[in-house]
Amino acid sequence: MSKNAKIAVGGVAAGIVLMWILPFWAALLVLVGVPVGAYLLLDPSQRRRLRRINRREIGR
């Protein structure tokens, strides 16, 4: 299994556990807030690099 597939499976598992433990709105807030917070913690140069890499992969 590829690295991205493992990350996706882990995200789905975390989402299911959070939905079971927390109310829907709180689980949704965690699932959306963590990636957004991580993106905002990046330096501007790291954000540009991340956007450039994602655009390049879309064209494949």
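## A nonpolar patch on the surface

In this predicted model, a nonpolar patch on the surface is formed by M19, F24, W25, L28, L29, L31, V32, V36, Y39, L40 and L50. Together, these residues have about 1,100 Å² of accessible area. Helix α2, which covers residues 24–40, supplies the largest share of the patch, namely nine residues.

One member of the patch, L50, is located in helix α3, which spans residues 44–58. L50 counts as partly exposed because its relative accessibility is 35%, and the partly exposed class lies between the limits of 20% and 50%. Another member of the patch is Y39. Along the sequence, L50 and Y39 are 11 residues apart, and their C-alpha atoms are 9.5 Å apart in space.

## Overall architecture

The protein contains three helices and zero strands. Read from the N terminus, the order of its elements is α-α-α.

The accessible surface of the whole protein amounts to about 5,400 Å². Carbon and sulfur atoms account for 69% of this surface. Of the 60 residues in the protein, 7% are buried; a residue is placed in this class when its relative accessible area is under 20%.

## A residue of helix α1

Helix α1 comprises residues 3–21, and V17 is found within this helix. Is V17 buried, partly exposed or exposed? V17 is partly exposed, because its relative accessibility is 43%, a value that must be set against the limits of 20% and 50%.

The position of V17 may also be described relative to A27. These two residues are 10 residues apart along the chain, and a distance of 9.0 Å separates their C-alpha atoms.

## Aromatic rings and charge

How many aromatic pairs does the count give? The count comes to zero aromatic pairs, where a pair requires ring centres within 6.5 Å of each other.

The ring of Y39 nevertheless has a charged neighbour: the charged end of R47 sits over this ring. The distance from the charged end of R47 to the centre of the Y39 ring is 5.4 Å. Y39 therefore appears in two parts of this description, as a member of the nonpolar patch and as the ring beneath a charge, in the sense that the charge lies within 6 Å of the ring centre.

## Confidence in the model

The mean pLDDT of the protein is 83, and 88% of its residues reach 70 or more. Among the helices, α2 has the highest confidence, at a mean of 85, while α3 has the lowest, at 80. Where pLDDT is low, predicted coordinates should not be read in detail.

Technical notes: Residues are numbered from 1 along each chain as its sequence is written. This is a predicted model: local features need pLDDT of at least 70, side-chain atom pairs count only at pLDDT 80 or more; totals for chains, interfaces and linings use all residues. Side-chain values use heavy atoms; hydrogens and water are left out. Helices (H or I, at least four residues) and strands (E, at least two) are DSSP runs, numbered from the N terminus. Buried means under 20% relative accessible area, exposed over 50%, partly exposed in between (1.4 Å probe, protein chains only). Accessible areas come from the Shrake-Rupley method with a 1.4 Å probe; for residues, only the protein chains shown count as cover. Patches are made of residues with over 30% relative accessible area and no salt bridge: like charges are joined within 9 Å, nonpolar side chains (Val, Leu, Ile, Met, Phe, Trp, Tyr) within 5 Å. A salt bridge is a side-chain nitrogen of Lys or Arg within 4 Å of a carboxyl oxygen of Asp or Glu. Rings of Phe, Tyr and Trp (its six-membered ring) pair if their centres lie within 6.5 Å; planes under 30 degrees apart count as stacked, over 60 as edge-to-face and the rest as tilted. A charge sits over a ring if NZ of Lys or CZ of Arg is within 6 Å of the ring centre and within 35 degrees of the ring normal. pLDDT is the predictor's confidence in each residue, from 0 to 100.
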